[in-house]
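Student: Please choose one part of this model and look at it closely, and then follow the contacts outward from there into the rest of the chain. I would like the cut-off behind each term as it comes up.

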Amino acid sequence: MIQLVFATNNTHKLDEVREVVGNKFHIQTLADIGCTDDIPETGDTFEANASQKSTYLYSRYGCDCFADDSGLEVAALANEPGVYSARYSGTRDMEKNIDLLLHRLGDRPDRAARFRTVISLRIGDDEHFFEGVIEGQIGYERQGNGGFGYDPLFTPNGYVKTFAQMTPSEKNAISHRAIAVAKLADFLKTKF
Ligand code: IMP
């Protein structure tokens with residue numbers, strides 16, 4: 001079986017990846033390899049952060065691995081919050097982050113936004129990137145209780161529900177992360 005470490009301890013992400021990648025691959029988490037390091041994430045792009053994390057793991061632990069980085073890009077705000085999505089307001093409090101985003105957008109009619117995920121896969125010295133994007137619109141107020149992060153504000157184009165109003169399987173069928181993970185899975189299946 002092919003072993004790969006996923007630079008996360010987030011069980012939701014892990015379950016999603018395991019399901020898509022299939023059982024030919026044994027996907028381990030940071031906890032599984034005993035990594036409790038605070039892995040640096042200081043880049044100013046999703047690519048840089050994903051790469052920084054996978055490169056760190058590869059150089060310290062010598063394992064084939066992958067890492068992801070995601071966030072929300074709002075066109076009218078010069079693609080903010082971007083890599084700062086998790087701490088936009090200076091805290092990890094998502095209510096404050098959402099309030100700040102709504103405040104910055106005000107009543108502007110241009111509410112186009114997209115969620116983006118970038119995965120960096122390191123196999124030996126080779127690095128491969130996989131990207132997933134979903135375009136949508138930011139609402140004027142929160143709608144729905146599901147999901148996490150900015151989900152209550154984001155309605156994908158062509159849909160009437162926000163991510164937070166969708167079931168997990170509805171969201172996972174179309175999300176930025178699912179798209180990037182599907183590309184990773186396709187690559188792994190053709191390579192191994
Ligand atoms: P991460 O890199 O996947 O941990 O995502 C960083 C931040 O982007 C999260 O803390 C959320 O604020 C935001 N984000 C990423 N993906 C999503 C999503 O699917 N829904 C809502 N917010 C998200």
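Tutor: Let us start from arginine 104, which, leaving aside its neighbours within four places in sequence, is in contact with Leu77, Glu80 and Tyr88, where contact means heavy atoms within 4.5 Å. The structure is a predicted model, in which local features need pLDDT of at least 70 and side-chain atom pairs count only at pLDDT 80 or more, while totals for chains, interfaces and linings use all residues. Residues are numbered from 1 along each chain as its sequence is written, and side-chain values use heavy atoms, with hydrogens and water left out.

Arginine 104 is placed in helix α3; helices (H or I, at least four residues) and strands (E, at least two) are DSSP runs, numbered from the N terminus. At 38% relative accessibility, arginine 104 counts as partly exposed, on a scale where buried means under 20% relative accessible area, exposed over 50% and partly exposed in between, with a 1.4 Å probe and protein chains only. Its side chain makes a polar contact of 3.3 Å with the side chain of tyrosine 88. A polar contact is a pair of N or O atoms within 3.5 Å; within protein, one must be able to donate a hydrogen and the other to accept it, and residues adjacent in sequence count only if both atoms are side-chain atoms. Arginine 104 and leucine 77 are 27 residues apart in sequence, yet their C-alpha atoms are 7.8 Å apart in space.

The contact with Glu80 leads to a stretch of backbone that deserves attention. A cis peptide bond joins glutamate 80 and proline 81, with omega at about -5°, and proline 81 belongs to strand β4 (residues 80-81). In the loop between β3 and β4 sits alanine 78, which is not a glycine but has a positive phi of about 55°. Asparagine 79 has its place in the loop between β3 and β4, and its phi is positive, near 70°, in a residue other than glycine. Most residues other than glycine have a negative phi, and most peptide bonds are trans. Alanine 78 is exposed, with a relative accessible area of 68%, whereas asparagine 79, at 35%, is partly exposed.

From this stretch the path runs inward through leucine 72, which touches a list of residues including Asn79, Glu80, Pro81, Leu101 and Phe154, not counting residues up to four places away in sequence. The largest nonpolar core has 19 residues, and those with the most contacts inside it are Leu72, Val74, Leu101, Ile138 and Phe154; such a core is a set of buried Ala, Val, Leu, Ile, Met, Phe, Trp, Tyr and Cys residues joined through side-chain atoms within 4.5 Å. Two or more residues of this core come from each of β3 (65-74), α3 (94-105), β5 (112-123) and β6 (126-138). With five residues, α3 gives the most to this core, and α3 is the helix that holds arginine 104. Apart from this core lies another, of 18 residues, among them Val21, Phe66, Leu121 and Phe187.

The aromatic residues add a further layer. A search of the whole structure finds six aromatic pairs, where rings of Phe, Tyr and Trp (its six-membered ring) pair if their centres lie within 6.5 Å, and planes under 30 degrees apart count as stacked, over 60 as edge-to-face and the rest as tilted. The rings of phenylalanine 25 and phenylalanine 192 have centres 6.0 Å apart and planes at 75°, so this pair is edge-to-face. Because phenylalanine 25 lies in strand β2 (residues 25-28) and phenylalanine 192 in the segment after α5 (176-191), the pair ties together parts that are 167 residues apart in sequence. Phenylalanine 25 counts as buried at 5% relative accessibility, while phenylalanine 192, at 32%, counts as partly exposed. Elsewhere, ring pairs link Phe115, Phe154 and Phe163 into a cluster, and Phe154 is one of the core residues with the most contacts.

Finally, strand β6, a contributor to the core, also holds phenylalanine 129. With a relative accessible area of 41%, phenylalanine 129 is partly exposed, and it touches Glu47, Ser51, Val118, Ile119 and Ser120, not counting residues up to four places away in sequence.
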